[in-house]
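Morning, everyone. Please bring up the structure on your screens, and let's walk through it together.

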Amino acid sequence: MNLPDLHKFENFGVIKNDRQFDKAKLEKFKKDIEKISLAKDWNKGEILNSFMRVIDDFEHLETNLYLDLKM
C-alpha cells in the first residue's frame, strides 16, 4: 500500500503508484494518434475511442462545453 506524500504540496497529498500498462495497447494508441494527427478529417470520437482502448477505466462525460467558449 502506498502512503500519500503529504509534504510535496501544502493543500493535498500525492499517492504514487507503480506504473502498470500494456505495452501493446500503448503502441496501438501511439499509432492511432499518429494516424489521426496526419488525417485532414478527424473527429473527437476517434480520439476518445483511442483513449478508451488504452485506459481501462477512462470515462468521458460530454458536456459540449469547451475552453474556447470561456475566452
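Start at Asn 64. You will find Asn 64 in the loop between helix α2, residues 44-54, and helix α3. Keep in mind throughout that this is a predicted model. What is the phi of Asn 64? Phi sits near 60 degrees, a positive value in a residue other than glycine.

Stay in that loop. Glu 62 is there too, and Glu 62 pairs with Lys 44 of helix α2. Their salt bridge has its closest N and O atoms 2.7 Å apart. This pair links distant parts of the chain, with Lys 44 in helix α2, Glu 62 in the loop between α2 and α3, and 18 residues from one to the other. Are these two buried or exposed, or something in between? Lys 44 has 32% relative accessibility, so Lys 44 counts as partly exposed. Glu 62 comes out at 36%, and Glu 62 is partly exposed as well.

Now the other salt bridges. How many does a search of the whole structure find? Five. I will show you two more of them, and both involve Asp 32.

Here is one. The side chains of Asp 32 and Lys 28 meet at 2.8 Å, N to O. Both residues lie in helix α1. They are four residues apart, about one turn of the helix.

Here is the other. Arg 53 forms a salt bridge with Asp 32, and the closest N and O atoms are 3.0 Å apart. This pair links distant parts of the chain: Arg 53 belongs to helix α2, Asp 32 to helix α1, and 21 residues separate them.

Check the accessibility of the three. Asp 32 has 10% relative accessibility; buried means under 20%, so Asp 32 counts as buried. Lys 28 has a relative accessible area of 45% and is partly exposed. Arg 53, at 45% relative accessibility, also counts as partly exposed.

Next, the surface. Which residues form a nonpolar patch there? Leu 65, Tyr 66 and Leu 69 do. Together they have about 350 Å² of accessible area. Take Leu 69 from that patch. Leu 69 is placed in helix α3, residues 67-70. The cut-off for exposed is over 50%, and Leu 69 has a relative accessible area of 60%, so Leu 69 is exposed.

Let's go to the start of the chain. Find Ile 15, in the segment before α1, which spans 23-38. Ile 15 has a relative accessible area of 53%, so by that cut-off Ile 15 is exposed. Where is Asn 2 relative to Ile 15? In sequence, Asn 2 and Ile 15 are 13 residues apart. In space, the distance is 6.5 Å, C-alpha to C-alpha.

Last stop, the largest pocket. Its volume is about 180 Å³. Which residues line the largest pocket? Highlight Gln 20, Phe 21, Asp 22, Lys 25 and Leu 26, then Val 54, Ile 55 and Asp 56. Sort that lining by class. You get four nonpolar residues, one polar and three charged.

A quick recap before we stop. Asp 32 is the buried residue I showed you, at 10%. Asp 32 has salt bridges to Lys 28 and to Arg 53. The patch is Leu 65, Tyr 66 and Leu 69. And the largest pocket has three charged residues in its lining. Thanks, everyone.

Technical notes:
Residues are numbered from 1 along each chain as its sequence is written. This is a predicted model: local features need pLDDT of at least 70, side-chain atom pairs count only at pLDDT 80 or more; totals for chains, interfaces and linings use all residues. Side-chain values use heavy atoms; hydrogens and water are left out. On a 1 Å grid over the protein atoms alone, a cavity is a set of points where a 1.4 Å probe fits but cannot get out, and a pocket is an open set with protein on both sides within 12 Å along at least five of seven lines; lining residues have an atom within 4 Å of a point. Grid points are joined across faces, edges and corners, and a volume is the space filled by probe spheres set on the points. Ala, Val, Leu, Ile, Met, Phe, Trp, Tyr, Cys and Pro count as nonpolar, Asp, Glu, Lys and Arg as charged, and the others, Gly among them, as polar. Patches are made of residues with over 30% relative accessible area and no salt bridge: like charges are joined within 9 Å, nonpolar side chains (Val, Leu, Ile, Met, Phe, Trp, Tyr) within 5 Å. Accessible areas come from the Shrake-Rupley method with a 1.4 Å probe; for residues, only the protein chains shown count as cover. A salt bridge is a side-chain nitrogen of Lys or Arg within 4 Å of a carboxyl oxygen of Asp or Glu. Helices (H or I, at least four residues) and strands (E, at least two) are DSSP runs, numbered from the N terminus. Buried means under 20% relative accessible area, exposed over 50%, partly exposed in between (1.4 Å probe, protein chains only).
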